[in-house]
Amino acid sequence: MKNPIYLDYNATTPIDKEVAVEMISIIQNHYGNPSSSYEIGRYSKKAIENARKQVADLINAQPEEILFTSCATESNNIAIQGIAFANQAKGKHIITSIIEHPAIIEVCKYLESQSFEVSYLPVDTGGRVNPQDVEKAIRPDTILITIMHANNEVGTIQPISEIAVIAKKKNILFHTDAAQSIGKIETDVEKLGVDLLTLAGHKLYAPKGIGALYVKQGIKIQKIMYGAGQEKGIRPGTENLVHIVALGKACEIAQRDFDKNSATMLSAKEKLLKGLQIQFGEKIKVNGDPVHCLPNTLSIAFDNVEAHTLASIISNDIYISTGSACHANSVEISSVLKAMNLDLRTAVGTVRISTGKHTSSEEIETAVKIISNTVTKLTEH
Ligand SMILES: Cc1ncc(COP(=O)(O)O)c(C=O)c1O
């Protein structure tokens, strides 16, 4: 049986072959504790510092500004709780958007239970936050703004640098969750103007179980974990050497191959959309912002088709995800699609197709055929 076509790169990515080679070399040859002062420990420490520089280079930061974590969720927790608790004497108000990943929303909800107040900003029908809404939401006690760089479900890119100007003017710290944008669009902390930035290895062809947090030099965060002094004491615990080296290598490759990769993702997405539009014309609707969208993400609704039924029928041939969750007798629409004011029919018919650097033209041609045939069968009666 041949492997199904993978078109769910926003969920996770396969490990890059070059990354795997580095990982295997570490697994087989290097086990020293980076805190040990003898040769094999020093080797591990050097490998970590090399990876730190590779991550920093990708986002135009300094190596000292990078902390290694276990995933984007952990980076977001350290950033948001860390800033909130370090600055609570100044104020207890945080601004975020309604379409953030649960790895932000749930942290904010936790902080609400700790007497912080959170403003959840709305988005327009394309899924964008209006910077003016950010400005209006700022209060004298606002200590943090956290708005994602790009959305995981619809691919909408937020006006981060515009929001950063507002945050800076009001002297408020600004964090962005860049788990979905890294390696797909330029993610330069200087140009974006952010103070903290989250990234995840497994969205970038590194393994699951590794993430990083950029914290601009001079910014104080209160630790939320206690232990030995690794990662400036903010993320204590013996370092995950294999995965840290893997993330470093993945960042180096992402930087090296950036133009090629984003062109591949975009042409695959465009070919897919064109193929489906030729078949279905007005019967499909593309969700998200038509201009500010990730090059790899296509959130698309088929008229009169239940996305779950479609995804499940084609799942032996193509892997995609849906914009709603199916329960026993009901369908729960994703909060992102709801926030964008999508009508129920469109939301129920929405699938998320996300291309990657390995997506080939042949895969797209096959995918168009399979999806078209299935949608046609589902809608003819
Ligand atoms: C925007 C965004 N933030 C955070 C996460 C959480 O990543 P992880 O599960 O690796 O912690 C994801 C994962 O889908 C994401 O898309």
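Begin by selecting strand E7 (residues 196-200) and strand E8 (residues 211-215), which pair in the antiparallel sense over 5 bridges; within this pair, Leu 196 stands opposite Val 215 in E8. The model on the screen is a predicted one, and this should be kept in mind at every stop.

Next, extend the selection to the sheet to which these strands belong, an open sheet of 7 strands in the order E2-E8-E7-E6-E5-E3-E4, with mixed pairing. Its edges are strand E2 (66-69) and strand E4 (117-121), each of which pairs on one side only. Looking across the sheet, one finds neighbouring strands turned against each other by 20 degrees on average, direction ignored. Now add helix H6 (residues 160-169), which packs on this sheet and touches strand E5 (142-146) and strand E6 (173-177); the direction of H6 makes about 160 degrees with that of E6.

From here, turn to the ligand and select the residues around it: Cys 71, Ala 72, Thr 73, His 101, Ala 103, Met 148, Asn 152, Asp 177, Ala 179, Gln 180, Ala 200 and His 202. Coloured by class, this shell shows 6 nonpolar, 5 polar and 1 charged residues.

The following stop is a pair of helices, H2 (residues 39-59) and H8 (residues 241-256), whose axes lie 8 Å apart and which pack at an angle of about 35 degrees. The crossing of H2 and H8 is left-handed. To display the contact from the side of H2, select residues including Ser 44, Ala 47, Ile 48, Ala 51, Val 55 and Leu 58; from H8, the residues to show include Leu 241, Ile 244, Val 245, Gly 248, Cys 251 and Gln 255. Taken as a whole, the residues of the contact of H2 with H8 divide into 11 nonpolar, 5 polar and 3 charged.

Then select another open sheet, this one of 4 strands in the order E9-E10-E15-E12, with antiparallel pairing. Strand E9 (284-287) and strand E12 (321-322) each have a single partner strand, so one side of each is left without a neighbour in the sheet. Zooming in on E12 and strand E15 (residues 350-354), one can follow their antiparallel pairing over 2 bridges, with Ser 321 opposite Arg 352 in E15.

Finally, show the whole chain, which has 13 helices and 15 strands. Its C-alpha trace spans about 70 × 55 × 40 Å along the principal axes. The radius of gyration of the chain is 21 Å, which agrees with the value near 21 Å that a compact globule of 381 residues would have.

Technical notes
Residues are numbered from 1 along each chain as its sequence is written. This is a predicted model: local features need pLDDT of at least 70, side-chain atom pairs count only at pLDDT 80 or more; totals for chains, interfaces and linings use all residues. A residue is near a molecule or strand if its C-beta atom, placed from the backbone, lies within 6 Å of it. Ala, Val, Leu, Ile, Met, Phe, Trp, Tyr, Cys and Pro count as nonpolar, Asp, Glu, Lys and Arg as charged, and the others, Gly among them, as polar. Two strands pair if DSSP finds at least two bridges between them. Axes are lines fitted to C-alpha atoms, for helices over the stretch in contact, and angles run from 0 to 180 degrees between N-to-C directions. A crossing is left-handed if the near helix is turned anticlockwise from the far one by less than a right angle, and right-handed if clockwise. Two residues are in contact if their C-beta atoms, placed from the backbone, lie within 7 Å. The radius of gyration is taken over C-alpha atoms; the globule rule is 2.2 Å times the number of residues to the power 0.38.
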